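Me: I would like to learn how to read the packing of helices and strands in a model such as this one. Could we take it feature by feature?

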Amino acid sequence: MTPDALRTSAAHVLVDAASIGEPVIALDDDEVHHLRRVLRLRPGAAVTATDGRGAWVAAELAIDHAGHAELWAVGEPHRGEHPSSLELAAAIPKGDRLDWMVQKVTELGAARLVLLHADHSVVRWPPERIDRHLARAQRVADEALRQSRRTWRLEVAPPITAADYLGSGGASSPVVAEPGGRPLSADDQRVEIGPEGGWSERELAGGGGTVDLGPMILRTETAAVA
């Protein structure tokens, strides 16, 4: 079986970067739970492990008599190609729609997701809850990494105001998704998705222009996937 075929068929986990290249790869509690309780793998099962920075290695699951689990590397590490350089910046949607958005943009290969507080945002995270909400979003992204066999971790960045994000690019200013804009192109590598209340005039005036994602009015999370 080729390395790529193995990575798409075996269980896939995210491990500490220092473990890649070592003969024995340590697993944290979340990964042990995923392999043993969710997937119900037995000793000797094929697993691939990635550091989330593009490196990955084939391994076998080892479980001792006390129930301690680790991976034994098989062969040398490989290098996975980055799925894209696309950075999405999106207003935070309501409820569990954020989980869905994070999951899907991870599976589709986005490189980074920046969360936004826009002028017309309905959802804004209070400062004291940002760390907790952000940790959950990153956990959802990491679960999607396992499922999709990504070797590059999606970074979920904490909220920034849409106006500040639009002014952060210089020559590489982000484009704003808005009906009536020009067609989206492969050169657009920073795309900003607004809230369900739409963009304010000052937000539309910033950035590198507007792009159209199609004839329909899309929810925030659907626009991010589109």
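Me: At roughly what angle do the axes of helix 3 and helix 4 cross, and within what distance do they come?
Reply: One starts from the two axes and reads their approach together with their angle. In this predicted model, the axes of helix 3 and helix 4 come within 8 Å and cross at roughly 40°, and the crossing in which helix 3 passes helix 4 is right-handed.

Me: Which residues of helix 3 meet helix 4?
Reply: A contact is read from both sides. From helix 3 come Asp99, Val102, Gln103, Thr106 and Glu107, and they meet residues of helix 4 that include Arg136, Val140, Ala144 and Leu145. Taken by class, the residues of this contact are six nonpolar, four polar and three charged.

Me: Across which strands does each helix lie?
Reply: Here one follows each helix over the sheet. Helix 3, residues 97–108, lies across strand 6, strand 7 and strand 8, and runs at about 155° to strand 7, whereas helix 4, residues 130–148, lies across strand 7 and strand 8, running at about 145° to strand 8.

Me: In what order do the strands of the sheet follow one another, and is their pairing parallel or antiparallel?
Reply: The order is read from neighbour to neighbour. This open sheet has six strands in the order 8-7-6-10-9-11, with parallel pairing; strand 8 (155–161) and strand 11 (210–212) are its edges, each pairing on one side only. On average, and with direction ignored, neighbouring strands of the sheet are turned by 40° against each other.

Me: How many bridges join strand 9 to strand 11?
Reply: Four bridges join these parallel strands, and Thr210 in strand 11 is the bridge partner of Val176.

How values were computed
Residues are numbered from 1 along each chain as its sequence is written. This is a predicted model: local features need pLDDT of at least 70, side-chain atom pairs count only at pLDDT 80 or more; totals for chains, interfaces and linings use all residues. Side-chain values use heavy atoms; hydrogens and water are left out. Two strands pair if DSSP finds at least two bridges between them. Helices (H or I, at least four residues) and strands (E, at least two) are DSSP runs, numbered from the N terminus. Axes are lines fitted to C-alpha atoms, for helices over the stretch in contact, and angles run from 0 to 180 degrees between N-to-C directions. Contact means heavy atoms within 4.5 Å. A crossing is left-handed if the near helix is turned anticlockwise from the far one by less than a right angle, and right-handed if clockwise. Ala, Val, Leu, Ile, Met, Phe, Trp, Tyr, Cys and Pro count as nonpolar, Asp, Glu, Lys and Arg as charged, and the others, Gly among them, as polar.
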